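Please open your viewer and get ready to click along. We will go from stop to stop, and at each one you will hear what to select.

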Amino acid sequence: LQVTVDQVVIYPIKSCHGWSVPSDTPWEITPSGLRYDRSFVIMRENSTIPMQQKRYPRMALIRPCIADRQLVLNAPDHESLVISLDPAQLCLEATQSM
């Protein structure tokens, strides 16, 4: 049995649009899955609950792209938002679920 993968799609931000990994780009598989797949969530300020597309359907319009160790977010009628994926520059707050 021979299997061919035509396309790999990851979802860097949970509940947002997916991003197709370019076919000429090697992609790392980590112990928890594909690198950056569902690694991030969007949260409201002062909240501990991630926003979900079920409640905020316009999240599907947020289109992520990964290039040059940056996560670029595009959405209609908004300027692009660029987030460094360099571990030395990433500043993430850890929250603990109850």
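Select Arg-69 to begin; you will find Arg-69 in the loop between S5 and S6. Colour this residue brightly, since Arg-69 has a positive phi of about 60 degrees although it is not a glycine. Keep in mind as you look around that this is a predicted model.

Now add Asp-68 to your selection. Asp-68 also takes a positive phi, near 50 degrees, in the hairpin of S5 and S6, where 2 residues lie between the strands. Show the two strands as ribbons: S5 and S6 run antiparallel and are joined by 5 bridges. Across this pairing, Ile-66 stands opposite Leu-71 in S6.

Stay on S5 and show its side chains. Which residues form the covered face of S5, and which form the uncovered one? Pro-64 and Ile-66 make up the covered face, while Arg-63, Cys-65 and Ala-67 make up the uncovered one. In a regular strand, side chains alternate between the two faces of the sheet.

Follow the chain onward to S7, residues 81-84. S7 runs antiparallel to S6, and 4 bridges join the two. Leu-71, which you met a moment ago, stands opposite Ile-83 in S7. Between these strands the hairpin has 6 residues; pick out Asp-77 there, with its positive phi near 65 degrees.

Next, select the largest nonpolar core, a group of 14 residues. Which of its members touch the most other members? They are Ile-10, Ile-13, Tyr-36, Phe-40, Ile-66, Leu-71 and Leu-85. Strand S2 (19-21) and strand S6 (70-74) are the elements that give two or more residues to this core. In soluble globular proteins, nonpolar side chains tend to be buried together.

Zoom in on Ile-10, one of those core residues. Beyond its neighbours within four places in sequence, Ile-10 is in contact with several residues, including Trp-19, Val-21, Trp-27, Tyr-36 and Ile-66.

Some of those names lead to the aromatic stop. Select Trp-19, Trp-27 and Tyr-36 together, for they form one aromatic cluster. The structure holds 2 aromatic pairs. One of them joins Trp-27 and Tyr-36 edge-to-face, with 6.4 Å centre to centre and 65 degrees between the planes. Is Tyr-36 buried or exposed? Tyr-36 is buried, because its relative accessible area is 19% and the limit for buried is under 20%. Its partner Trp-27, at 22% relative accessibility, counts as partly exposed. Before you leave, add Arg-35: its charged end sits over the ring of Tyr-36, 5.7 Å from the ring's centre.

For a contrast in setting, jump to Asn-46. Where does Asn-46 lie? It is in the loop between strand S4 (33-34) and strand S5 (63-67). Asn-46 is exposed, with a relative accessible area of 81%. Its phi is near 65 degrees, a positive value in a residue other than glycine.

Finally, zoom out to see the whole chain. How many helices and strands does the chain have? There are 0 helices and 7 strands. The C-alpha atoms fill a box of roughly 50 × 30 × 30 Å along the principal axes. Of the 98 residues, 21% count as buried. Switch on the surface to finish: the chain exposes about 8,100 Å², and carbon and sulfur atoms supply 51% of that area.

Note on methods: Residues are numbered from 1 along each chain as its sequence is written. This is a predicted model: local features need pLDDT of at least 70, side-chain atom pairs count only at pLDDT 80 or more; totals for chains, interfaces and linings use all residues. Side-chain values use heavy atoms; hydrogens and water are left out. A nonpolar core is a set of buried Ala, Val, Leu, Ile, Met, Phe, Trp, Tyr and Cys residues joined through side-chain atoms within 4.5 Å. Buried means under 20% relative accessible area, exposed over 50%, partly exposed in between (1.4 Å probe, protein chains only). Contact means heavy atoms within 4.5 Å. Rings of Phe, Tyr and Trp (its six-membered ring) pair if their centres lie within 6.5 Å; planes under 30 degrees apart count as stacked, over 60 as edge-to-face and the rest as tilted. A charge sits over a ring if NZ of Lys or CZ of Arg is within 6 Å of the ring centre and within 35 degrees of the ring normal. Accessible areas come from the Shrake-Rupley method with a 1.4 Å probe; for residues, only the protein chains shown count as cover. Two strands pair if DSSP finds at least two bridges between them.
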